[in-house]
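Welcome to this tour! Please open your viewer, and keep the selection tool at hand as we go from stop to stop.

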Amino acid sequence: MNRTRCDRTPAWGQLQTAFESTGRAFDVRHAFAADPARFEAFSQSAPHVFADLSKNRIDVATEQLLLELAQQTGLAVHRDAMFAGEAINTTEQRAVMHWLLRTPPLDPAMPAQSVHRHMAETLHEVHTTLDAMLVFAEAMRADGRITDIVNIGIGGSDLGPQMAVLALDEFVLPGKRFHFVSNVDGHELNAVLRKVKPESTLFLVASKTFTTIETMTNAQSAKAWFEASGGTDIARHFAALTTNVAAARAFGISATFGFWDWVGGRYSVWSAIGLPLAIAIGARGFKEFLAGAHAMDEHFRNAPLGHNLPVRLGLLDVWYRNFHGFTSRSVAPYHSALKRYPAYLQQLEMESNGKRVDAGGTTLPYGTSPVVWGEPGTNGQHAYFQMLHQGSDVVPVEFVAVKTPKHDLPGHHRLLLANALAQAQALMLGKADAGGHKHFAGNRPSTFLLLDELGPASLGALIALQEHRVFVSGSVWGINSFDQWGVELGKVLAKDVAARLDSGDATGLDGSTAGLLARLRQP
Ligand code: F6P
């Protein structure tokens with residue numbers, strides 16, 4: 001596959017020139033004044049999501065150059081290689097096929113379906129596994145004796161299902177409570193165990209590898225608690241969601257739901273890792289979630305690059321990171337149920353694209369993943385929006401709003417939407433004030449994503465949109481967005497330090513760690 005690094009393309013140099021001549025001083029307010037059709041040019045529909053990009057520091061000529069950059073780096077070829085099941089995760093020699101998890105089964109009457117024929121067997125396996133998981137989910141929903149579902153998992157085995165169960169709270173079966181335990185900090189598990197009873201609890205041990213120390217420690221403690229509290233029938237009260245079925249069995253769990261090494265942890269909510277969500281919203285809801293994501297996959301695969309929303313968002317990320325030098329992006333979901341959406345996006349973007357070498361291992365001369373952070377609106381307005389409006393750094397903001405709410409409390413939604421629009425407006429327009437303290441420079445960029453409603457299908461589409469936009473920027477940067485070696489060193493050192501906490505042995509330690517260790521061991 002021919003991938004050219006972005007800084008070695010002609011378009012990169014042209015973008016640098018464009019930035020120096022018009023980009024640096026670009027003012028969105030002037031752009032609107034000069035072009036009454038700007039909103040139309042920089043907004044578009046994609047499945048379940050309408051996006052307004054018009055308040056960004058970009059013009060048609062720059063977007064055209066960014067599209068040329070995409071072409072010259074081989075973005076479309078790289079995307080097609082992912083959808084062809086090629087091993088594009090080159091450091092682990094793995095295919096990247098989370099999208100296959102949301103591909104409908106092949107219809108023999110329709111030979112021209114988008115999945116490559118050689119993947120037909122894998123797709124069949126995906127659906128057999130999905131069907132078994134959904135049968136289990138329905139059985140748990142129907143089982144009135146199970147009132148509490150405790151998911152034990154961390155990273156992708158926690159953030160996706162937790163974000164989605166919270167986001168779809170309005171669709172959750174009444175009478176079932178969902179708990180998520182991720183941290184090895186025993187306070188978290190303890191707080192859940194205080195609330196549940198062994199006879200009415202289902203523990204889901206979610207771990208792709210089934211080796212992650214936090215999850216294994218929590219699972220051991222949950223099992224010990226279950227047995228010590230009079231629980232019987234581990235087979236009925238524990239299930240494992242993992243690619244390592246053998247390790248789950250060795251742990252003593254017989255009900256297992258598997259997936260495959262071609263599903264990255266942060267891309268796994270569509271797999272067995274989504275079981276808590278399937279129990280929460282039912283088989284039908286889970287299928288809608290998959291269908292929404294599949295519609296976005298098809299958009300990403302087929303829409304021309306200039307009208308392809310993940311492509312436009314990913315390229316804008318490159319423009320901001322590498323030319324404007326913006327180092328972070330704030331996400332502002334104006335829906336309280338999306339409270340874990342920023343945390344979910346942090347792993348998705350920063351674990352995928354937080355890399356300083358290209359796919360060949362060579363150090364990059366340019367920046368990659370921005371810092372992604374945020375809180376639901378309007379709460380963020382009363383905390384850090386001060387900095388977004390008047391701080392010394394420019395931080396592009398990505399709003400998400402929902403047209404129709406699921407409640408009928410008068411006035412609230414109108415105010416919520418008004419705030420979202422007003423914040424985006426204020427960031428862009430600013431306000432002149434001679435006094436300095438009350439001056440808003442304006443021209444602060446933002447993107448506005450609008451869903452008709454927050455439901456399984458639109459959430460699926462929104463998440464798939466984010467996955468693909470991360471693919472786009474990672475692809476242009478020439479990095480491997482699908483490994484995560486950067487988390488390994490800390491894991492290894494933690495094992496060593498844990499042993500030293502017991503023994504007190506500080507031999508060979510740096511002065512700071514040795515000092516802290518000694519202090520922690522003081523009686
Ligand atoms: O430590 C990082 C990581 O490997 C993530 O990529 C992953 O989502 C998380 O740990 C949990 O891994 P597992 O599902 O194998 O327990």
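Start by selecting Gln-347 together with the ligand: an N or O atom in the side chain of Gln-347 is 3.2 Å from an oxygen atom of the ligand. Keep in mind throughout that you are exploring a predicted model.

Next, add Thr-212 to your selection. Here a polar side-chain atom lies 2.5 Å from an oxygen atom of the ligand. Then pick Gly-156, where the partner is a backbone N or O atom, 2.7 Å from an oxygen atom of the ligand.

How much of the ligand does the protein bury? Taken alone, the ligand exposes 400 Å², and the protein buries 88% of that.

Now show everything around the ligand. There are 14 residues in this group, and those that come nearest are Gly-156, Ser-157, Ser-207, Thr-209 and Thr-212. Try colouring the shell by class: you should find 9 polar, 3 charged and 2 nonpolar residues. If you switch on a surface, look for the largest pocket, which is where the ligand sits.

Time to step back and colour the chain by domain. The domain assignment gives domain 1 as 36-73 + 305-479, domain 2 as 117-279 and domain 3 as 486-521. Notice that domain 1 is written as two stretches of the chain. How far apart do the C-alpha centres of domain 1 and domain 3 lie? They are 40 Å apart.

For the last stop, look for enclosed spaces. The structure holds 5 cavities of 30 Å³ or more, and the largest cavity has a volume of about 130 Å³. To find this cavity, select Leu-316, Asp-317, Tyr-320, Arg-329 and Pro-396, which are the closest to its centre among the 16 residues that line it.

Technical notes
Residues are numbered from 1 along each chain as its sequence is written. This is a predicted model: local features need pLDDT of at least 70, side-chain atom pairs count only at pLDDT 80 or more; totals for chains, interfaces and linings use all residues. Side-chain values use heavy atoms; hydrogens and water are left out. A residue is near a molecule or strand if one of its heavy atoms lies within 4 Å of it. A polar contact is a pair of N or O atoms within 3.5 Å; within protein, one must be able to donate a hydrogen and the other to accept it, and residues adjacent in sequence count only if both atoms are side-chain atoms. Accessible areas come from the Shrake-Rupley method with a 1.4 Å probe; for residues, only the protein chains shown count as cover. On a 1 Å grid over the protein atoms alone, a cavity is a set of points where a 1.4 Å probe fits but cannot get out, and a pocket is an open set with protein on both sides within 12 Å along at least five of seven lines; lining residues have an atom within 4 Å of a point. A molecule sits in a cavity or pocket if more than half of its atoms lie within 2 Å of its grid points. Ala, Val, Leu, Ile, Met, Phe, Trp, Tyr, Cys and Pro count as nonpolar, Asp, Glu, Lys and Arg as charged, and the others, Gly among them, as polar. Domain bounds come from an automatic or database domain assignment. Grid points are joined across faces, edges and corners, and a volume is the space filled by probe spheres set on the points.
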